[in-house]
Amino acid sequence: MKKNKPETYDVIISGGGVVGMTLAVGLAQNGLNIALIEYDDMAASLSDEFDGRSYAISYAPYLMMRTLGLWDKWAKDAQPINEIHITDGPSPLFLHFDEKDLGEGPLGQMVEVRHLRQGLFEAVQEQQNITLITPDHIIDVKNSPGNCAVTLNSGQKLSCALLISAEGRKSPLREMMGIGIKSWDYKQVGIVTTVEHEIDHAGTAYERFYPSGPFAILPLQNNRASIVWCEPPERAKTIMTLSDAAFDAELRKKFGDFLGEVKHLGQRWAYPLTAQLADDYTAARFCLIGDAAHGIHPIAGQGFNLGLRDIAVLIEVLVDAKRLGGDL
């Protein structure tokens with residue numbers, strides 16, 4: 001998909017995931033001319049089967065999304081987190097966080113990634129000064145004192161003042177620009193699925209720490225919860241191959257019966273868990289955001305929130321520079 005637009009842009013963003021789309025919309029709303037390039041067909045990423053994860057969006061990023069006018073696109077599908085319980089395995093003792101103690105509203109908002117993708121894709125299409133180029137990718141980058149010139153796999157040539165990678169942990173542009181990373185393997189796999197339960201969760205998130213890894217129960221709408229179940233790789237592989245009935249039996253051992261009968265709905269996903277940090281976040285006319293810059297364990301649900309904070313800072317800096325007539 002490609003709109004007819006000039007070949008010179010203020011900013012080129014490589015990576016059309018939730019971080020790349022959010023940044024593109026935020027910059028475009030403030031008058032910058034943006035090219036958003038995605039390797040894969042973005043329409044295919046909008047299906048319910050593409051990504052089974054859900055994100056816990058904390059208070060400050062939630063306010064940013066409201067300010068950008070994005071929140072209304074998935075507000076009806078968001079589940080407020082009113083309380084958080086943290087325990088050591090099945091211990092009756094727990095840490096308790098309650099939104100009433102803060103007085104600022106919910107502790108966070110749970111949103112399924114599929115709803116975020118669909119809403120952001122709609123927002124991208126509504127912005128006249130975003131050129132969406134997909135499927136395509138950057139194969140060459142050349143910097144000069146005045147701009148950054150890129151060549152796409154299709155042969156198309158573009159130029160910009162600033163090139164941004166929102167390509168995720170395996171960012172090709174980061175490698176192309178010679179930026180290394182430090183990484184840690186947690187030797188765990190995160191099994192992700194959505195479950196249905198009998199008793200209302202009342203907007204409470206549960207985090208349990210077992211010897212094999214943490215187990216999170218994150219509230220969604222309609223008596224559902226998103227499960228992030230961490231296990232060593234070999235055990236996770238075995239769990240993923242179980243029949244639906246056997247999988248639910250193993251799930252109940254971790255989940256318990258405090259929300260009544262529980263069973264998983266539809267697909268399961270498995271993600272190897274690592275952490276990584278880029279040696280540098282910037283180079284000449286180039287910067288990294290989101291997981292391309294920093295990837296962390298999902299234990300506290302802060303990975304996407306860090307990416308949103310990257311976006312907030314970049315929007316402020318770039319919009320000010322544009323307004324003052326400076327170089328991006």
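Axes are lines fitted to C-alpha atoms, for helices over the stretch in contact, and the angles between N-to-C directions run from 0 to 180 degrees. With this definition the packing of two helices can be described for the structure above, which is a predicted model.

## Helix 1 and helix 4

Two packed helices are described by the angle between their axes and the distance between the axes. Helix 1 covers residues 18-29 and helix 4 covers residues 113-126; their axes come within 9 Å and cross at roughly 30°. The crossing of these two helices is left-handed. Helix 1 contributes Val 18, Met 21, Thr 22 and Val 25 to the contact, while helix 4 contributes Leu 116, Arg 117, Leu 120, Phe 121, Ala 123 and Val 124. Sorted by class, the residues of this contact are eight nonpolar, one polar and one charged. An α-helix has 3.6 residues a turn, so residues three or four places apart point the same way.

Ala 123, a residue of helix 4, offers a view of this contact from one position. Is Ala 123 buried or exposed? Ala 123 counts as buried, because its relative accessibility is 3% and buried means under 20%. In sequence, Ala 123 and Val 25 are 98 residues apart, yet in space their C-alpha atoms are 6.9 Å apart. Apart from neighbours within four places in sequence, Ala 123 is in contact with Val 25, Leu 70 and Lys 73.

## Salt bridges

How many salt bridges does the structure hold? The structure holds 17 salt bridges. The table presents three of them.

| Pair | Closest N to O distance |
|---|---|
| Lys 73 and Glu 122 | 2.8 Å |
| Asp 77 and Lys 76 | 3.2 Å |
| Asp 327 and Arg 285 | 2.7 Å |

Lys 73 appears here again, now as the salt-bridge partner of Glu 122. This pair links distant parts of the chain: Lys 73 is in the loop between helix 2 (59-67) and strand 4 (79-81), Glu 122 is in helix 4, and the two are 49 residues apart. Lys 73 is partly exposed, with a relative accessible area of 24%, and Glu 122 is partly exposed as well, with 41%.

In the salt bridge between Asp 77 and Lys 76, Asp 77 is buried at a relative accessible area of 18%, whereas Lys 76 is exposed at 63%.

The salt bridge between Asp 327 and Arg 285 also joins distant parts of the chain: Asp 327 is in the segment after helix 8, and Arg 285 is in the loop between strand 17 (282-283) and strand 18 (286-288), 42 residues apart. Asp 327 is exposed, with a relative accessible area of 54%, but Arg 285 is buried, with 15%.

Salt bridges can also be followed through a group of residues. Glu 231, Arg 235, Glu 250, Lys 253 and Lys 254 are linked in a network of salt bridges.

## Helix 8

Helix 8 consists of 21 residues, 303-323. At 1.5 Å a residue this helix should span 30 Å, and its end C-alpha atoms are 31 Å apart, so the two values agree. Which residues of helix 8 are buried? They are Phe 304, Asn 305, Gly 307, Leu 308, Asp 310, Ile 311, Leu 314, Ile 315, Leu 318, Val 319 and Ala 321. Just after helix 8, Gly 325 takes a positive phi of about 75°.

## A buried strand residue

Leu 152 is found in strand 10, which covers residues 148-152. Its relative accessible area is 0%, and Leu 152 is therefore buried. Not counting residues up to four places away in sequence, Leu 152 touches Ile 37, Ile 133, Asp 136, His 137, Ile 138, Ile 139 and Leu 158. Leu 152 and Lys 170 are 18 residues apart in sequence, and their C-alpha atoms are 18 Å apart in space.

## Backbone details

The peptide bond from Thr 134 to Pro 135 is cis, with omega near -5°. Pro 135 is in the loop between strand 8 (130-133) and strand 9 (138-143).

Positive phi values also occur in residues other than glycine. Lys 187 has a positive phi of about 55°; this residue lies in strand 12, residues 181-197, and is exposed, with a relative accessible area of 58%. For Asn 222, phi is near 65°. Asn 222 is in the loop between strand 14 (213-220) and strand 15 (224-231), and at 63% relative accessibility Asn 222 counts as exposed.

Conventions: Residues are numbered from 1 along each chain as its sequence is written. This is a predicted model: local features need pLDDT of at least 70, side-chain atom pairs count only at pLDDT 80 or more; totals for chains, interfaces and linings use all residues. Side-chain values use heavy atoms; hydrogens and water are left out. Helices (H or I, at least four residues) and strands (E, at least two) are DSSP runs, numbered from the N terminus. A crossing is left-handed if the near helix is turned anticlockwise from the far one by less than a right angle, and right-handed if clockwise. Contact means heavy atoms within 4.5 Å. Ala, Val, Leu, Ile, Met, Phe, Trp, Tyr, Cys and Pro count as nonpolar, Asp, Glu, Lys and Arg as charged, and the others, Gly among them, as polar. The expected span of a helix is 1.5 Å times one less than its number of residues. Buried means under 20% relative accessible area, exposed over 50%, partly exposed in between (1.4 Å probe, protein chains only). A salt bridge is a side-chain nitrogen of Lys or Arg within 4 Å of a carboxyl oxygen of Asp or Glu.
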